[in-house]
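This report describes the sheets, helices and charged side-chain pairs of one protein model. The sequence and the structure come first.

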Amino acid sequence: MSEQTQQPGSSAPRRVVVAGAGMAGVQTAVALREQGFAGDVILIGAEPHQPYDRPPLSKAVLLGKSEGSAFDVDFEALGIELRLGCEVLGLRPAAHELDTEDGPVPYDVLVVATGAEPVRLPGAEGVPGVHLLRTLDDAERLRPVLARRHDIVVVGAGWIGAEFATAAREAGCAVTVVEAAERPLAGALPAEVAAPMAGWYADAGAVLRTHARVAHVEPGAVLLDDGSRLPAEAVVVGIGARPATAWLAGSGVELGAHREIVADEHLRSSAVDVYAVGDCASFPSGRYGERLLVHHWDNALQGPRTVARNIVGRAAGEAPAVYDPVPYFWSEQFGRFVQYAGHHADADTTLWRGDPSGPAWTVCWLRGERLVALLAVGRPRDLAQGRRLIDSGVPMNPVLLRDPARPLKAATA
């Protein structure tokens, strides 16, 4: 395979290098082939495993119901070159070269899809029995912990903490979840929406302790700042994730407040011929009038299609496509299927459909007459219809919207 690259600014790239072999990286490589790109496609991943999907790690893989979650992609048949177990170390945009453990890799176009990495609990690194849950190796280390039905302390009552607690309770473990904020999902949802979810922990037999800060972790125990000592044969830390972009230091690529790559509406970075997609990048949303950083699976699925279209379209002189999706994610926790679409930060009205103490209900957020976001618990039809209504921007009738028996699509003004 030729190591030659074109001069910067060339309209017909011959070689696309994708840094990161998670969902966003794999989908970028596949989308390039689907959209007719005939040049070299090189997919570089830091892990030695075949590229895999992450959502099953906190569910089937963790519980031993599945040995893995490798993507069903025939990379060889697609002509995608895999370079696995190869960490990216740096980027030199002027030279059009990506530095890796195996040496420099030249590119015509680079797509950065290095994702996010978990935030670590200060003082807990190296303590026996402390775990993260982000990679396949993490899940495999945790699987025997659940099988032995250990007493487990989960630090963080966000999405991943709730999902892990769900799996641990299903495995028969005693679970205590400690959360520094006053409620679960404090960084994701308003207090009145997250409040009903607090009761789900007790319903599942898990203990939720809010306003609980970890002071110290030692083998076999977690000490809180109020003096409480919680027995813990294992500790699982789920306190968030940050974009995996430290390797870009000194590259000149613009990073945002969360150290994410600042991409434009076409998912181009500030460096020539460098795109960014998935958890490691933010993008401006015309729909919501602000820059969004979306750490969810659907963003890593949808963004690559725009990137591929823009790379392939360059040769044909096509206008670049704009990326402005309706964000979407889901979570399975404590026997409930939770789905969210949109972005509620600028909403001025919150409406409820159904009783939040029951098994199925929806929260709708409006700005003016238009639906901008909704959270559906056990109401997948609301989510599917609501997502389309958000995308179309059609005015809604608030009175009709409150009626849980009425389909959302029949609640328009």
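A residue counts as buried when its relative accessible area is under 20%, and as exposed when that area is over 50%. The model discussed here is predicted. Asp279 has a relative accessible area of 13% and is therefore buried.

**Salt bridges**

The count of salt bridges comes to 18. Three of the pairs are set out below.

| Pair | N to O distance |
|---|---|
| Lys65 and Glu170 | 2.8 Å |
| Asp279 and Arg134 | 3.1 Å |
| Asp138 and Arg141 | 2.8 Å |

The side chains of Lys65 and Glu170 meet in a salt bridge. Lys65 sits in the loop between strand S2 (40-44) and helix H2 (75-78), and Glu170 belongs to helix H4, so this pair ties together parts that are 105 residues apart in sequence. Lys65 has a relative accessible area of 60%, which makes this residue exposed.

Buried Asp279 forms a salt bridge with Arg134. Asp279 is in the loop between strand S19 (274-276) and strand S20 (281-285), while Arg134 is in the loop between S9 and H3; the pair therefore ties together parts that are 145 residues apart in sequence.

The pair of Asp138 and Arg141 lies within helix H3, its members three residues apart, or about one turn of the helix. Asp138 counts as buried because its relative accessibility is 11%. Arg141, at a relative accessible area of 47%, is partly exposed. Elsewhere, Arg92, Glu97 and Asp99 are joined into one network by salt bridges that share partners.

**Helix H3**

Helix H3 covers residues 136-147, 12 residues in total. From its first C-alpha to its last, H3 reaches 17 Å, close to the 16 Å expected at 1.5 Å a residue. The buried residues of this helix are Leu136, Asp138, Ala139, Leu142, Arg143, Val145 and Leu146. What do the buried residues of H3 pack against? Their partners are strand S9 (130-131), strand S10 (151-155), helix H4 (159-170) and strand S16 (234-237). Arg149 follows H3 and has a positive phi, near 55°.

**The sheet with S9 and S16**

Strands S9 and S16 also belong to an open sheet of five strands, in the order S9-S16-S10-S11-S12, with parallel pairing. S9 and strand S12 (207-209) each have a single partner strand, so one side of each is left without a neighbour in the sheet. S10 and S16 run parallel and are joined by four bridges. Val155 has Val237 in S16 as its bridge partner. Helix H4 packs on this sheet, where it touches S10, strand S11 (174-178) and S16. The direction of H4 makes about 165° with that of S11.

**The sheet with S1 and S7**

A further open sheet has five strands in the order S3-S2-S1-S7-S19, and the pairing is parallel. Its edge strands, strand S3 (80-83) and S19, each pair on one side only. On average, neighbouring strands of this sheet are turned by 20° against each other, direction ignored. Strand S7 (residues 109-112) runs parallel to S19 and is joined to that strand by three bridges. The bridge partner of Val112 in S19 is Ala276. Helix H1 (residues 23-34) lies across strand S1 (15-19), S2, S3 and S7, and runs at about 170° to S2.

**Two hairpins**

Antiparallel pairing appears between strand S13 (residues 214-218) and strand S14 (residues 221-224), over four bridges. Val217 is matched with Val222 of S14 as its bridge partner. S13 and S14 make a hairpin with two residues between them, and Gly220 in the turn has a positive phi of about 90°.

S14 also pairs with strand S15 (residues 229-231), in the antiparallel sense and over three bridges. Here Ala221 has Pro231 in S15 as its bridge partner. The hairpin of S14 and S15 has four residues between its strands, and Gly227 in the turn shows a positive phi of about 95°.

Definitions and conventions:
Residues are numbered from 1 along each chain as its sequence is written. This is a predicted model: local features need pLDDT of at least 70, side-chain atom pairs count only at pLDDT 80 or more; totals for chains, interfaces and linings use all residues. Side-chain values use heavy atoms; hydrogens and water are left out. The expected span of a helix is 1.5 Å times one less than its number of residues. Buried means under 20% relative accessible area, exposed over 50%, partly exposed in between (1.4 Å probe, protein chains only). Contact means heavy atoms within 4.5 Å. A salt bridge is a side-chain nitrogen of Lys or Arg within 4 Å of a carboxyl oxygen of Asp or Glu. Two strands pair if DSSP finds at least two bridges between them. Axes are lines fitted to C-alpha atoms, for helices over the stretch in contact, and angles run from 0 to 180 degrees between N-to-C directions.
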